[in-house]
Amino acid sequence: MYFKKWQKKLLLSGRDNSKFCPGSDCCLIVHNVVFATLNHDMNPDRRQICIPKSIELGKNVWIGSNSTILSEVKIGHNAIVAAGAVVHKDVEANSIVGGVPAKFIKWIV
């Protein structure tokens with residue numbers, strides 16, 4: 001998995017080899033996190049083809065251990081994803097989400 005800085009966010013794409021931690025914009029990603037940037041076509045005739053899609057991480061995001069972030073998700077600045085969460089929708093900045101599927105828990109103040 002590779003990361004690149006993109007408009008003050010981190011973009012995970014699987015096709016790039018830039019730095020993950022650009023200066024003070026670092027994200028805290030704990031062990032055993034899955035960034036699911038690849039998927040397959042639903043059509044059985046094309047199912048063997050991998051389809052890459054991106055995931056965006058804002059600045060200072062904290063992803064808890066054993067979490068799964070699905071493709072096309074945007075996680076806002078300073079957000080926290082609780083351990084074991086499965087994130088399938090965008091996460092707002094300064095919020096905490098958790099659960100399966102991940103749901104809003106509270107705002108960071």
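1. The largest share of the lining of the largest pocket, three residues, comes from strand β14, and this point is a good place to begin reading the structure, which is a predicted model. The elements that give two or more residues to that lining are β13, which covers residues 95-98, and β14.

2. Which residues line the largest pocket? The lining is made up of V87, H88, K89, D90, V91, E92, S95, V97, A102, K103, F104 and W107, and the volume of this pocket is about 170 Å³. When these residues are sorted by class, six are nonpolar, two are polar and four are charged.

3. Among the lining residues is S95, whose place is in strand β13. Is S95 buried or exposed? Its relative accessible area is 1%, and S95 is therefore counted as buried, since the word buried applies to values under 20%. If its neighbours within four places in sequence are left aside, S95 is in contact with A79, I80, F104, K106, W107 and I108; F104 and W107 also appear in the lining of the largest pocket.

4. Strands β13 and β14 belong to an open sheet of five strands, in which the order is β3-β8-β11-β13-β14 and the pairing is mixed. Why is one side of β3 and one side of β14 left without a neighbour in the sheet? Strand β3 (28-29) and strand β14 (103-107) stand at the edges, and each has a single partner strand, so one side of each has no neighbour there.

5. Within this sheet, strand β8, residues 62-63, pairs with strand β11, residues 80-81, in the parallel sense and over two bridges. For a student tracing this pairing residue by residue, I63 is found opposite V81 of β11. Residue I80, which lies within the range of β11, is one of the contacts of S95.

6. A separate point concerns an open sheet of three strands, which has the order β4-β9-β12 and parallel pairing. Its edge strands are β4 (34-36) and β12 (86-87), and each of them pairs on one side only.

7. How many bridges join β9 and β12? Strand β9, residues 68-70, pairs with β12 in the parallel sense over two bridges, and the bridge partner of I69 in β12 is V87. Residue V87 can be followed back to the pocket with which this note began, for V87 is also one of the residues in the lining of the largest pocket.

Methods. Residues numbered from 1 in each chain as written. Predicted model: local features only at pLDDT ≥ 70, side-chain atom pairs only at ≥ 80, totals over all residues. Heavy atoms only, no water. Pairing = 2+ DSSP bridges. Helix = DSSP H or I, 4+ residues; strand = E, 2+ residues; numbered from the N terminus. 1 Å grid on protein atoms, 1.4 Å probe; cavity = no way out; pocket = protein on both sides within 12 Å on 5 of 7 lines; lining within 4 Å. Points joined across faces, edges and corners; volume = space filled by probe spheres on them. Nonpolar A, V, L, I, M, F, W, Y, C, P; charged D, E, K, R; others polar. Buried < 20%, exposed > 50% of the residue type's maximum accessible area, 1.4 Å probe, protein only. Contact = heavy atoms within 4.5 Å.
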